[in-house]
Amino acid sequence: MPKTVVKASVLEHTLIGPQVRRLTFAAPILAQQALPGQFVHVKVTESIVPLLRRPISIADVNPDNGTLTLIYRIVGQGTSLLAEVKPGGQLDIMGPLGNGFSLETERPLLVGGGIGLAPMVYLAKSLCPRPITIIMGGRNKEEMYWQEIFQSLCRSIHITTDDGSLGRQGFTVDALSDMLSADTFDIVYACGPQPMLEGVARLATAKNIRCQVSLEDHMACGVGACLSCTCAATDGKRRKVCADGPVFWAEEVFS
Amino acid sequence: MLAVTIAGISMKTPVMTASGTFGFGPEYSDFVDLNTIGAIVVKGTTLAPRAGNSGCRIAETPAGMLNSIGLENPGSDEFLKATLPKLKKYDVPIIVNISGNTVEEYGKLAAKLSVNGVAGFELNISCPNVKEGGIAFGTVPQSAAAVVREVKKNTHLPVIAKLSPNVTDIVAMARAVEEAGADAISLINTLLGMAIDTKSWRPVLGNVVGGLSGPAVKPVALRMVWQVANAVNVPVIGMGGIMTALDAVEFLLAGASAVAVGTANFVNPYAAAEVAEGLCEYLKERGLSHVQKLVGQVNHNIG
Ligand SMILES: Cc1cc2nc3c(=O)[nH]c(=O)nc-3n(C[C@H](O)[C@H](O)[C@H](O)COP(=O)(O)OP(=O)(O)OC[C@H]3O[C@@H](n4cnc5c(N)ncnc54)[C@H](O)[C@@H]3O)c2cc1C
Ligand SMILES: Cc1cc2nc3c(=O)[nH]c(=O)nc-3n(C[C@H](O)[C@H](O)[C@H](O)COP(=O)(O)O)c2cc1C
């Protein structure tokens with residue numbers, strides 16, 4: 001599956017939550033190839049400031065229309081500039097990058113924290129019509145715009161918020177612990193903050209359930225050349241988050 | 001029109017890829033036909049494997065970036081066993097960028113890696129990201145010369161000395177490595193820099209300091225290339241912030257016989273090929289028969 005750079009025209013770009021935008025653009029070549037869990041590397045401006053591309057997960061793909069969708073949070077200079085791109089505008093997109101999730105499952109459990117829910121959308125879509133259970137975590141009710149997105153894709157939705165304004169108060173890991181005792185799953189997929197991933201992996205491993213985590217790190221090249229994003233693996237060697245991941249089997253990266 | 005021979009290494013174009021910015025090459029093979037590149041300078045290689053620095057390793061800066069990778073690499077055994085065989089299928093000179101903790105280690109590495117498939121060595125005496133060796137060899141002329149002499153004793157292959165810009169007198173460094181037998185000189189490596197997070201008050205990089213590269217460093221690189229090219233007789237390979245063919249033209253005019261594309265690869269994965277193509281266009285537009293016609297031709301006449 002060759003990686004490439006496309007000049008994509010933006011079709012839709014809307015605010016879907018606090019500081020969170022959904023961006024859909026035409027990229028037929030990418031739409032034919034992209035797998036759930038892979039990401040694209042976006043040049044947010046033609047200028048040399050900011051210089052580097054921004055890694056963003058592929059949140060949805062429509063192979064029929066040849067479109068890709070990203071869901072991203074505005075956090076700094078790059079994503080602020082990206083937010084200004086209007087429908088009809090052009091973006092320079094490199095991808096598809098990295099390795100996706102394994103789709104070998106009958107009873108999947110998805111766990112996503114905050115913007116980590118973005119890649120879970122395409123994953124859930126790809127797992128349909130299998131019965132999907134998802135645990136979604138966020139700071140508060142306002143951040144739970146995800147509910148609407150996952151409603152049609154998942155059989156069972158569980159929500160945790162830090163402040164208890166929606167669903168259960170606490171973290172996704174707290175909910176996961178109960179769910180693993182109450183039901184049977186053959187895989188757990190997780191994307192979110194590192195402590196969440198480690199917590200999820202620990203619980204899944206204790207129950208002997210396969211677990212895949214999607215890692216995040218600062219990266220420059222996105223293709224395994226610059227070694228900015230490497231992490232220690234349990235075999236004593238190093239892994240590149242961009243090229244060997246971002247999706248890893250939990251036991252490969254967490255001991 | 002573009003073919004050059006640098007330190008006895010024949011290249012199809014004067015556009016090489018800079019160490020640490022192009023992996024071992026295959027990482028970019030979806031974007032660039034590796035057979036068309038002047039030479040691939042592979043990631044800094046050490047005798048034993050290195051894990052590199054911990055914590056955050058890159059920080060973006062205006063028109064540039066800081067890196068503190070810390071020479072993560074699989075080591076010389078793995079390079080010979082796994083990497084080099086894969087590179088042999090490409091028709092492109094492979095230059096190994098080597099780094100040692102001691103003068104002797106540079107010699108050992110050169111001897112060990114002087115094998116079929118390796119076209120030459122680039123001595124990284126200028127890495128700002130490792131505690132021992134590295135930059136120390138690159139800031140004292142006598143130490144730099146000692147490294148070059150040791151490597152020359154241990155290999156028949158061409159030896160390129162890569163200079164650090166973090167010195168007061170770049171010309172003294174260049175003269176020292178030339179006298180010690182370097183077949184070519186490449187410059188610049190990254191400029192030592194730093195970034196601080198104003199929320200946490202912590203350095204952004206786990207290693208606190210790191211090397212600055214990208215368009216931000218180009219004027220400094222160009223000045224140093226010009227100074228060195230005017231002071232030595234061996235060919236100079238210029239790098240530092242080259243993003244386009246016109247950037248490369250500047251380095252050639254300043255006196256570089258070849259150039260290397262580094263950080264630009266991260267931004268535009270086609271950069272190495274596009275710089276060479278653009279160079280060809282430029283020569284045609286100017287009615288020049290060969291890239292050699294640009295080398296050192298910066299015009300100092302005013303008016
Ligand atoms: C594989 C992968 C997938 C991602 N998917 C998404 C997604 O779907 N939605 C989303 O909102 N965000 C995602 N992120 C995070 C996103 O890349 C950062 O939020 C973004 O780069 C911030 O850029 P900025 O210029 O706005 O922020 P700044 O803080 O100004 O960025 C400065 C530099 O740090 C880097 N950086 C800052 N935060 C991060 C981070 N969390 N991860 C990696 N690099 C960072 C930037 O790329 C840039 O080089 C993903 C990151 C990775 C590695
Ligand atoms: C991420 C990164 C890793 C690098 N690793 C090495 C290395 O291993 N050995 C070396 O001699 N130079 C290394 N360099 C320096 C480059 O080869 C080059 O000299 C420098 O980046 C300036 O060129 P540029 O501005 O075009 O990137 C590295 C640079 C970057 C950005």
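**Exercise 1. Find which atom of Gly76(A) lies 3.0 Å from an oxygen atom of ligand 1, then list further polar contacts of this ligand.**

Step 1. The partner in Gly76(A) is a backbone N or O atom, 3.0 Å from a ligand oxygen. A polar contact here is a pair of N or O atoms within 3.5 Å; within protein, one must be able to donate a hydrogen and the other to accept it, and residues adjacent in sequence count only if both atoms are side-chain atoms.

Step 2. Arg54(A) uses its side chain: an N or O atom there is 2.7 Å from an oxygen atom of ligand 1. With Ser57(A), a backbone N or O atom is 2.9 Å from a nitrogen atom of the ligand.

Step 3. Ligand 1 has 19 residues around it, and Pro55(A), Arg73(A), Gly78(A), Thr79(A) and Glu216(A) come nearest. A residue is counted if one of its heavy atoms lies within 4 Å.

The model is predicted: local features need pLDDT of at least 70, side-chain atom pairs count only at pLDDT 80 or more, and totals for chains, interfaces and linings use all residues. Residues are numbered from 1 along each chain as its sequence is written, chains are lettered from A and ligands numbered from 1 in the order in which they are written, and side-chain values use heavy atoms, with hydrogens and water left out.

**Exercise 2. Describe the surroundings of ligand 2.**

Step 1. Ligand 2 is surrounded by 22 residues, the closest being Ser19(B), Lys162(B), Gly214(B), Gly241(B) and Thr263(B).

Step 2. Gly241(B) also places a polar backbone atom 2.6 Å from an oxygen atom of the ligand.

Step 3. For Ile188(B), a backbone N or O atom is 2.9 Å from a ligand oxygen. In Asn97(B) the side chain supplies the N or O atom, 2.9 Å from an oxygen atom of ligand 2.

**Exercise 3. Locate Ser114(B) and list its contacts.**

Step 1. Ser114(B) sits in the loop between α2 (103-113) and β8 (120-124) of chain B. Helices (H or I, at least four residues) and strands (E, at least two) are DSSP runs, numbered from the N terminus.

Step 2. Its side chain reaches the backbone oxygen of Ala110(B) at 2.6 Å.

Step 3. Leaving out residues up to four places away in sequence, Ser114(B) touches Phe121(B), Asn154(B), Thr155(B), His156(B) and Leu157(B). Contact means heavy atoms within 4.5 Å.
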